[in-house]
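Here is a short report on a protein and DNA model. Please look it over before reading on.

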Number of protein chains: 2
Amino acid sequence: MCLALLDGRAWTAGELAAHAGIAPSTATQHLHRLIDGGLLVERRQGRHRYVQLAGASVAQLLEDLSARIEHRPASPRGLREVTANSALRRGRTCYDHLAGRLGVAVTDAMTRAGLLDQAGGFALTAAGLAWLTDTLRLSPEDLRPGNRPLARGCLDWTERRQHLAGLAGAKLCETFLANDWVARIGSGRAVRLTPNGKAALRDLLGLADVD
Amino acid sequence: MCLALLDGRAWTAGELAAHAGIAPSTATQHLHRLIDGGLLVERRQGRHRYVQLAGASVAQLLEDLSARIEHRPASPRGLREVTANSALRRGRTCYDHLAGRLGVAVTDAMTRAGLLDQAGGFALTAAGLAWLTDTLRLSPEDLRPGNRPLARGCLDWTERRQHLAGLAGAKLCETFLANDWVARIGSGRAVRLTPNGKAALRDLLGLADVD
DNA sequence: GGGATCGTTCGGCGGCGGCCGAAAAGAAGC
DNA sequence: GCTTCTTTTCGGCCGCCGCCGAACGATCCC
């Protein structure tokens, strides 16, 4: 259930129970504990109860844990699973930022352009901050680091490389979705690059051949 | 046992059993699992078996987990514990780098001096790298980031702020210990700043009043 | 209001897992 | 060789914990 919630969206208790293959009553117990422990927040809406990760720090912790555990690919069976899997590898959201080959490609392009510093750790450069506000038209208020860091590296589960996370990563993903540069595939966390997005990446970051 | 091992040193199975208040046979079971899971490495030496965290990434994971769990101070009882506790708060090692008020003070001083970038994330600046090699005389080969990042922030358990971790943090701590700028108190992870260290911090970082 | 859907509460079952003690194995010192 | 010390192996016990089903409550839709 935690891994499912790593997509950042709100799930109902029933969805999570079905996803995990357990009885609804069992899911209720677990969700209560996770909420009591501060890992999840709930939002009641009619007869549904939506639960969601309590914040970016919880997502980070789960990512770190899963990165350590899941080094074996769960051997997909059948055509459906294989295509779903390859879509996930190509591009997806990771909590609230971009991941997969797409996420890593954007991160690397930003690093090449001097917008990110991956040599001394993981940080947005002054040029990077200016790029977000001037070129992408993000408001500086949105990029004020509160208790969440502006930029941080998140180990990509499929690429085994770091991609951009943190506040900047979230706002970047938000912008990509709002501009229709990427679009969600179905209801999952997989995303695909639109023709618009392809052009934007080429113009803004000199990124030519992203599949 | 994991928390005890977070000091970065090697413990014997018996020490860990006594520390955790469990029977030696029980400790053996748990240590086997931790080793099988790749979290610990062992080194057999005579009739002793030393175990140690398998690396910096394990330490980071445990730090992150403990930072989420231990927000309540475990109410020290008696004079001994209070003094031990205040020593830990003043300065200690956190796996292989400096922590406590001392660690945070050094990190902040480096940030003020433009050696660290904490605004855009957490990274060593070019000036910071030069400072480590030229002023502190660290060899550039030692600071080549392999799979471990050069700099990363580690949430300080007592200060609730970030201090410098990663490769640079480890080498910095190593240098401080080698130059006798800090010295271990007893056999624990607490450290104290020596008069030499006080002078060095003043000269190198303009850090005046560290207690 | 009636029926369907979703969620929760409660009781109870089964099994896993943590724990220990006793005994044995390995290593050091005499 | 023997003793001492540390660690491991093996059974076995106990308790917790995860699981479910059934009943109930809540909500929406017709």
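The text below goes from the DNA surfaces to the chain contact, the sheets and one buried leucine. This is a predicted model.

**DNA surfaces**

Start with DNA strand C. There are 16 residues around DNA strand C. The nearest are T12(A), G14(A), S25(A), S25(B) and G46(B). Chain A supplies at least two residues from each of α2 (13-20), α3 (24-36) and β3 (48-53). From chain B, α3 (24-36) also supplies at least two.

Now DNA strand D. Here, too, the count is 16 residues. S25(A), G46(A), T12(B), G14(B) and S25(B) come nearest. For this surface, α3 of chain A gives at least two residues. So do α2 (13-20), α3 and β3 (48-53) of chain B, each on its own account.

The table sets out the two DNA surfaces and the chain B side of the protein contact by residue class.

| Surface | Nonpolar | Polar | Charged |
|---|---|---|---|
| Near DNA strand C | four residues | nine residues | three residues |
| Near DNA strand D | four residues | nine residues | three residues |
| Side of chain B that touches chain A | eight residues | five residues | four residues |

**Contact between the chains**

How many residues does each chain bring to the contact? Chain A brings 17 residues, and chain B brings 17 residues. On the side of chain B that touches chain A, the elements giving two or more residues are α4 (56-69), β7 (121-124) and α7 (126-135) of chain B. Of these, β7(B) gives the most, with four residues.

Strand β7(B) also pairs across the contact. Its partner is β7 (residues 121-124) of chain A. The two strands run in the antiparallel sense, over three bridges. One of the bridge pairs joins G121(A) to A123(B). Strands of a sheet pair through backbone hydrogen bonds, either parallel or antiparallel.

**Sheets within the chains**

Take chain A. Three of its strands form an open sheet, in the order β1-β3-β2, with antiparallel pairing. Why do β1 (11-12) and β2 (40-45) of chain A count as edges? Each has a single partner strand, so one side of each has no neighbour in the sheet. Two bridges join β1(A) to β3(A) in antiparallel fashion. Within this pairing, T12(A) stands opposite Y50(A) in β3(A). T12(A) is also among the residues that come nearest to DNA strand C.

Chain B has an open sheet of three strands in the order β1-β3-β2, and its pairing is antiparallel. At the edges are β1 (11-12) and β2 (40-45) of chain B, each with a single partner strand, so one side of each lacks a neighbour in the sheet. Six bridges link β2(B) and β3(B) in the antiparallel sense. Among the pairs, Q45(B) has H48(B) in β3(B) as its bridge partner.

**A leucine in chain B**

Finally, look at L201(B). This residue sits in helix α9 (residues 195-205) of chain B. Is L201(B) buried or exposed? L201(B) is buried, because 21 other C-beta atoms lie within 10 Å, and the cut-off for buried is 20 or more. Which residues does L201(B) contact, leaving aside neighbours within four places in sequence? They are L207(B) and V210(B). V106(B) is 95 residues from L201(B) along the chain, yet their C-alpha atoms are separated by 8.1 Å.

Key
Residues numbered from 1 in each chain as written. Chains lettered and ligands numbered in written order. Predicted model: local features only at pLDDT ≥ 70, side-chain atom pairs only at ≥ 80, totals over all residues. Near = placed C-beta within 6 Å. Nonpolar A, V, L, I, M, F, W, Y, C, P; charged D, E, K, R; others polar. Contact = placed C-beta atoms within 7 Å. Pairing = 2+ DSSP bridges. Buried ≥ 20, exposed ≤ 12 C-beta atoms within 10 Å, placed from the backbone.
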